Amino acid sequence: MFEKNLEIGFLLDFYGDVLSERKRTVLDFYYNDDLSLAEIAGEIGISRQGVRELIKKAEEELFFYEEKLGLAKRFRATEERAEELLSMMERGGIDGEIRDAAERLMEAVKG
């Protein structure tokens with residue numbers, strides 16, 4: 001059985017632009033539009049096995065980029081720290097410029 005790794009959808013957001021258009025399209029259909037291999041095959045005109053192979057190659061490429069660059073990992077760490085900072089500030093009743101800066105950081109992280 002070919003199971004979806006939901007981490008791929010997250011990595012696609014970070015590194016999708018460096019994939020070939022064909023790989024990016026196939027991953028988008030599979031992970032974001034939730035199309036089956038057969039539906040994707042019909043959409044782009046290749047075999048179901050061809051779709052599966054494209055997905056596997058694209059996934060490997062995304063994991064390679066994450067291993068080398070670590071953008072998704074850094075994003076998650078920054079997001080966690082921003083949430084932690086906001087939580088600490090709410091517990092401590094801190095207002096003003098520091099709170100505004102923390103909220104802007106959180107907005108920037110969330111995009």
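The crossing of helices H1 and H4 is left-handed. I start there, and I should say at once that this is a predicted model. The axes of H1 and H4 come within 10 Å of each other and cross at roughly 65°. That angle makes H1 roughly perpendicular to H4, because the range that counts as roughly perpendicular runs from 65 to 115 degrees.

Which residues make this contact? From H1 they are Glu-7, Ile-8, Leu-11, Leu-12 and Tyr-15, and from H4 they are Glu-59, Leu-62, Phe-63, Tyr-65, Glu-66 and Leu-69. Sorted by class, the contact of H1 with H4 has eight nonpolar residues, three charged ones and no polar ones.

Now to H4 itself. The helix covers residues 48-69, which is 22 residues. At 1.5 Å a residue it should span 32 Å, and its end C-alpha atoms are 32 Å apart, so the expected span and the model agree.

Which residues of H4 are buried? They are Gly-50, Val-51, Leu-54, Ile-55, Ala-58, Glu-59, Glu-61, Leu-62, Tyr-65 and Glu-66. The cover over these buried residues includes helix H1 (7-15), helix H2 (21-32), helix H3 (37-44) and helix H5 (71-92). Glu-59, Leu-62, Tyr-65 and Glu-66 are buried residues of H4 that you have already heard named in the contact with H1. After H4 comes Gly-70, which has a positive phi, near 65°.

Next, H2 against H4. These two helices pack at an angle of about 100°, with their axes 9 Å apart. H2 and H4 are therefore roughly perpendicular to each other. On the H2 side, Arg-22, Lys-23, Val-26, Leu-27, Tyr-30 and Tyr-31 take part; they meet Val-51, Leu-54, Ile-55, Lys-57, Ala-58, Glu-59, Glu-61 and Leu-62 of H4. The classes here are nine nonpolar, five charged and no polar residues. Glu-59 and Leu-62 of H4 meet H2, and both are also in the contact with H1.

That leaves H1 against H2. Their axes are 10 Å apart and the packing angle is about 135°. Is H1 roughly perpendicular or oblique to H2? At that angle H1 is oblique to H2, since 135° lies outside the range of 65 to 115 degrees and is not over 145. The crossing of H1 and H2 is left-handed. H1 contributes Ile-8, Gly-9 and Leu-12, while H2 contributes Arg-24, Leu-27, Asp-28, Tyr-31 and Asn-32. By class, this contact of H1 with H2 has four nonpolar, two polar and two charged residues. Ile-8 and Leu-12 of H1 touch H2, and they are in the contact with H4 as well. From H2, Leu-27 and Tyr-31 meet H1 and also meet H4.

Now the loops. Asp-34 sits in the loop between H2 and H3. Most residues other than glycine have a negative phi. Asp-34 is not a glycine, yet its phi is positive, near 60°. Is Asp-34 buried or exposed? Its relative accessibility is 55%, so it counts as exposed, the cut-off being over 50%.

The loop between H3 and H4 holds Gly-45. With a relative accessible area of 62%, Gly-45 is exposed. Gly-45 and Glu-103 are 58 residues apart along the chain, and their C-alpha atoms are separated by 47 Å.

Last, two residues of H5. Ala-72 lies in this helix. Its relative accessibility is 1%, so Ala-72 counts as buried. What is Ala-72 in contact with, leaving aside its neighbours within four places in sequence? The answer is Phe-10, Leu-11, Phe-14, Tyr-15 and Glu-66. Of these, Leu-11 and Tyr-15 of H1 and Glu-66 of H4 also belong to the contact between H1 and H4. Ala-72 and Ser-47 are 25 residues apart in sequence, and their C-alpha atoms are 32 Å apart in space.

Met-88 lies in H5 too. Its relative accessible area is 42%, so Met-88 is partly exposed. From Met-88 to Leu-6, the separation is 82 residues in sequence and 31 Å in space, C-alpha to C-alpha.

Conventions
Residues numbered from 1 in each chain as written. Predicted model: local features only at pLDDT ≥ 70, side-chain atom pairs only at ≥ 80, totals over all residues. Heavy atoms only, no water. Helix = DSSP H or I, 4+ residues; strand = E, 2+ residues; numbered from the N terminus. Expected span 1.5 Å × (residues − 1). Buried < 20%, exposed > 50% of the residue type's maximum accessible area, 1.4 Å probe, protein only. Contact = heavy atoms within 4.5 Å. Axes fitted to C-alpha atoms, helices over the stretch in contact; angles between N-to-C directions. Parallel < 35°, antiparallel > 145°, perpendicular 65-115°, else oblique. Left-handed = near helix turned anticlockwise from the far one by under 90°. Nonpolar A, V, L, I, M, F, W, Y, C, P; charged D, E, K, R; others polar.
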